[in-house]
Amino acid sequence: MAIPLLIGITFISFLVIHLAPGDPTELIGGDDPVQLQSIEQLRKLYGLDQPMHVQYLGWLKRVAFLDFGRSFQPDGRPVLDKIRERLPVTLLLNLIEMTIILMIAIPIGVRSATHQYSAFDKITTLFVFVGFATPDFWLAVLLQILFGVHLGWLPMSQLRNPMWEYLPFWKQQWDFVSHLVLPIGVATFGGLAGFSRYMRQSMLEVIRQDYIQSARAKGLDERKVIGKHALRNALMPIVTILGLSLPGLIGGSVIVETIFAIPGMGLLMVQSVFARDYPVIMGNLVIVSSLTLFANLVADLTYSLVDPRIRVGRRGRR
Amino acid sequence: MKAFWRAFRRNKLALIGGVVVACLFVVAIAAPWLAPWDPHRPDIKRILEPPSRAHWLGTDQIGRDVLSRMLYGSRVSLAVGFVSVGIATAIGILLGAAAGYHGGWVDGSVMRLVDLMLVFPRFFLLLAVLAFLKPSIWTIMAVIGLTGWMGVARLVRAEFLALKEREFVLWSQSIGASATRIIWRHILPNALGPVLVAMTLGIPAAILTESGLSFLGLGVRPPYATWGNILNEGRDAIELAWWQSLYPGLAILVTVLSYNLLGEGIRDALDPRLRQSVGRFGGRGR
């Protein structure tokens, strides 16, 4: 299941290179020596003078060893080095985001399901609709204006104060956290709407089941019924949805990292696109999507751990 | 149809959404008559003016009227929304119908392709593709459409799987109707409801994606005004001119919200059970 998809990822990425009308090297254009050198390098890297299948196999062979060539930037560093430097930042941000989203969305979802049509439920429904419709880049800019410009409470971009090294230890920690507040806040906002919605839906379905009725009938405390019997079952679909929404979350880091100048994969991607740094773009695309696939796989495995029923007879995602 | 209207009318939020969407259409068409200023004409004497009676939503760095630019921008958003969702729907229907009707290896390969496309974080894929193409509004529409058909394909496939066992289909098969005819004339018309809902929810998603790309400076380029690139230009004046950032985003929010309310309203009125299949992951750009 995973291996064909992995090969598929490389194939689609390879097709992307050939989307360019004519020859991707034409887009670089210009005839100063640096660019001519880039063009030559690109030709060699992708074997553009050879037939398609030879090109693809050659490229695949190198990608299998994570060799994406060198960046076109003046520094000319290997693509893999650049990615290795940026990846932890994006992973850390996404991990924190996901934790916060789940920590807030699950209680909200449970409460609005157990108190369906209450004022709380209505307010969260409103929040969900607005959250779905709010462009994250706009929210980010507004928060920058409010907290960065007008109130001056939080730094507007980057991960660290330029004087970071000279700060005392505790100030360093605070500096780091304060730089994270806005980006994490923005990235969490959109996901929060979705997840609290799914959690509510899932909980509503579970509450109607017979075994919840029987748990109540045998005189269990309502808190125990909800917190133990219902919650466990309602959480299971969330694991799948978590896997499915991962590409969305990671894709969102493009916007957030660009606005807040956070040196992660998203910002690297945008910078490379502007610089037409093709080796970095391709390496980025392959690595990010392979990692997403891996994370999906983990979610799938987790799901079969949580719910033994699906270990039998479940072939892939529907 | 009557039952649909009765159910739809009762949903006040959906009605409001529908009215706003209709208004947006009027605004987009009538932009040249509604706009108080020329959206492209700079005015060096009126740079970064806050909202006033002359310029309701203020002016930008080179003195262009923000309101007029937003009115023209609504045309781009609408066009991109419709065309890219049209492309996505066409691809989705073709692949979904083939997969659902024929089953077997056709179904297998289409579904694997869907799985594959869904693994790519959309913004990374979009950016990679855009890096290789010459930027234009048509490119944006095509690229958003080509990366957004998977939901429709799954949906149409599911509808086809359910419908192809029904009597009217079996009957046409028994009198020797061709597969093409059965797919287009018999099954597809019955599957259009959910597709319509998916389209209504797809348009705001496409609008969000387009404005996100334009915001990054990789979507629709100036001098065309779009909500996304007004916001992009607004970032340079972020410390001076909040109005250049606030209003275009608000326009996006209201538009997306209205389409979502309308789409969910249509869905609930058509068949509340659809809630399960349509739009669970819709409504958001990436």
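The largest nonpolar core in this predicted model holds 147 residues, and B:F124 and B:L127 make the most contacts inside it. A nonpolar core here means a set of buried Ala, Val, Leu, Ile, Met, Phe, Trp, Tyr and Cys residues joined through C-beta atoms within 7 Å. Helix α9(B) supplies the largest share of this core, with 16 residues. As for the wording, a residue is buried if 20 or more other C-beta atoms lie within 10 Å of its own, exposed if 12 or fewer do, and partly exposed in between, with C-beta atoms placed from the backbone. Helices (H or I, at least four residues) and strands (E, at least two) are DSSP runs, numbered from the N terminus.

Some bookkeeping comes next. Residues are numbered from 1 along each chain as its sequence is written, while chains are lettered from A and ligands numbered from 1 in the order in which they are written. Since the model is predicted, local features need pLDDT of at least 70 and side-chain atom pairs count only at pLDDT 80 or more, whereas totals for chains, interfaces and linings use all residues.

Back to B:F124: leaving out residues up to four places away in sequence, this residue touches A:G251, A:V254, A:M269, A:N284, A:L285 and A:V288. Two residues are in contact if their C-beta atoms, placed from the backbone, lie within 7 Å. Across the whole meeting of the chains, chain B brings 41 residues and chain A brings 46. On the chain B side, the elements giving two or more residues are α4 (104-119), α5 (122-132), α9 (179-216), α10 (227-236) and α11 (243-270). Of these, α5(B) gives the largest share, 10 residues. By character, the chain B side splits into 29 nonpolar, six polar and six charged residues. In that count, Ala, Val, Leu, Ile, Met, Phe, Trp, Tyr, Cys and Pro are nonpolar, Asp, Glu, Lys and Arg are charged, and the others, Gly among them, are polar. For the complex, the predictor gives an ipTM of 0.82 and a pTM of 0.85.

Chain B on its own is made of 11 helices and zero strands. Its C-alpha atoms fill a box of roughly 75 × 45 × 25 Å along the principal axes. Of its 286 residues, 49% are buried. Looking at contacts in chain B between residues at least 6 apart in sequence, 72% join residues at least 24 apart. The pLDDT, which is the predictor's confidence in each residue from 0 to 100, averages 83 in chain B, with 94% of the residues scoring at least 70. Among the elements of chain B, helix α3 (residues 66-102) has the highest mean, 91, and helix α1 (residues 2-10) the lowest, 78. Over residues 279-286 of chain B the pLDDT is below 50, yet this stretch has 33 contacts in the model beyond near neighbours in sequence.

Chain A comes to 12 helices and zero strands. Buried residues account for 38% of its 318 residues, and 68% of the contacts in chain A between residues at least 6 apart in sequence join residues at least 24 apart. The mean pLDDT of chain A is 80, and 86% of its residues reach 70 or more. Over residues 313-318 of chain A the pLDDT is below 50, and this stretch has two contacts beyond near neighbours in sequence.

One helix of chain A isn't straight. Helix α8 (residues 169-207) of chain A spans only 49 Å between its end C-alpha atoms, where a straight helix of 39 residues would span 57 Å at 1.5 Å a residue. That expected span is 1.5 Å times one less than the number of residues. A kink of about 35 degrees lies at A:V181 in α8(A), shortly before the proline A:P183. The bend at a residue is the angle between axes fitted to the seven residues ending there and the seven starting there.

The loops of chain A have their own quirks. Most residues other than glycine have a negative phi. A:Y117, however, has a positive phi near 70 degrees, and sits in the loop between α5 (79-114) and α6 (119-133) of chain A. With 9 C-beta neighbours inside 10 Å, A:Y117 counts as exposed. A:A261 also has a positive phi, near 50 degrees, in the loop between α10 (222-259) and α11 (265-275) of chain A. This residue is exposed because A:A261 has 12 C-beta neighbours inside 10 Å. A:G264 is found in the loop between α10 and α11 of chain A, but A:G264 is buried, with 26 other C-beta atoms within 10 Å. Beyond its neighbours within four places in sequence, A:G264 is in contact with A:R86, A:V89, A:T90, A:L93, A:S253 and A:E257.
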